[in-house]
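Please look over the notes below alongside the model, as a colleague's reading of how two helices pack and where the pockets lie.

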Amino acid sequence: MTNPSPTRWPGIDLLRGLTVAVMILVNQWAGVAGLPGWMKHMPADADAMSFVDMVFPAFLFIVGMSLPFALQARLDAAGRVGALRHAAERCLALLVTGLFMVNAEMAPAGFDASAWLLAAFVGVFLVWGSMAGGPLLAWPWRAAGAGLLITLAAVYPGGIGLHWWGILGLIGWAYGLAALLFIAAPPRARLALALAALPVCVAWFAWLAPQAGGGGHATHTLLVLAGMATALLLHGRDAPARATHFALLLGFLLLAAGLSLRPHWPLSKIYATPSWGLACAGATLLLYLALRPLAAGAAGRVAFVLLGDAARHPLLAYLIPFVLGALTALVSWHWPAELSSGWAGVARGLVYLAWVLLLLKLLLRAGLRLRL
């Protein structure tokens, strides 16, 4: 492969593509009966985690790894105000999309949540989508999309509720908080401040969250900050000569810190405990270091043939199954019982993943983009 551009690193893309693919796969397996526990989310109070419980934190970590390159490009092109505007718009897009998805799941009986959610996806695309691979749609289309979303919120029974922010909303909050630190910090202090903010996130969860709330946001932000620190350490403009050695040490320290906190908090994705967040951050960093040399070789080239689109357009790949799910619910179609349990269900998930990746490729060839 050629040398990476300032904003693209093959190892980060490979890790992102793998994470998105596994995310789609385990979401499908969630509806399959009879699978062993290690292929499911662990119960909230189990003090344990499966590989499934590592998928979301790995994505948050990768959000942090990508953040310095994207925001530095914005800072160079548009200054601090432009970078803040970009981060705020992206955060808003994730929060809005997440809220609509959650409310579709929580819709009362008798309400056509599938059609409502499909219409919401149309509105999201009009506001934050583009065609022909170009910039966002022209302002009349964006205004129409915003109007559609406002109308959908108004017709929702009882009004849209804040049950929780949804996966995309959680990503939005964590991204926004980490982005503020990156934009506000002096360039040479960013790595130190990102590392210093990790215990601050733990302290918020331990002492402030019981009164003020936001414990989950603190742990999710910790994961993004850990990814940001990793990118600055390994790929920053002032990366030290022995950066890989320092990154390896950081990975083991994060993992050890997470495991050492287990007497205080269980390893729990549901509760977003600091022990879970730190352990997942350390494990993801070590996984990245293992994958990085593979990304530049033959194995990486093969992987990018399969996963390159998901690596470059992760949120579009993530949303495709939800669109397909709403469409199938609209026509009352369900998977046959024979494909909803055991190893037949596992195989179904793999075929479904292949179908989603193919559909993603077709949409990208048609020029469709989503700028969340």
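The points below take up a helix pair and then two pockets.

1. This is a predicted model, in which local features need pLDDT of at least 70 and side-chain atom pairs count only at pLDDT 80 or more, whereas totals for chains, interfaces and linings use all residues. Residues are numbered from 1 along each chain as its sequence is written, and side-chain values use heavy atoms, with hydrogens and water left out.

2. Helix 1 (residues 10–29) and helix 2 (residues 55–105) have axes that come within 10 Å and cross at roughly 150°, which means that helix 1 runs roughly antiparallel to helix 2 (a term used for angles over 145 degrees). Helices here are DSSP runs of H or I with at least four residues, numbered from the N terminus, and axes are lines fitted to C-alpha atoms over the stretch in contact, with angles from 0 to 180 degrees between N-to-C directions.

3. Residues of helix 1, including Ile 12, Leu 15 and Val 26, meet residues of helix 2, among them Phe 59, Ile 62 and Phe 69, where contact means heavy atoms within 4.5 Å. By class, this contact of helix 1 with helix 2 has 12 nonpolar, 2 polar and 1 charged residues (Ala, Val, Leu, Ile, Met, Phe, Trp, Tyr, Cys and Pro count as nonpolar, Asp, Glu, Lys and Arg as charged, and the others, Gly among them, as polar).

4. Helix 2 also gives the most to the lining of the largest pocket, with 17 residues, and that lining divides into 22 nonpolar, 5 polar and 10 charged residues. A pocket is an open set of points on a 1 Å grid over the protein atoms alone, where a 1.4 Å probe fits, with protein on both sides within 12 Å along at least five of seven lines, and lining residues have an atom within 4 Å of a point.

5. In the second largest pocket, helix 11 gives the most to the lining, with 7 residues.

Definitions and conventions
Helices (H or I, at least four residues) and strands (E, at least two) are DSSP runs, numbered from the N terminus. Angles under 35 degrees count as roughly parallel, over 145 as roughly antiparallel, 65 to 115 as roughly perpendicular and the rest as oblique.
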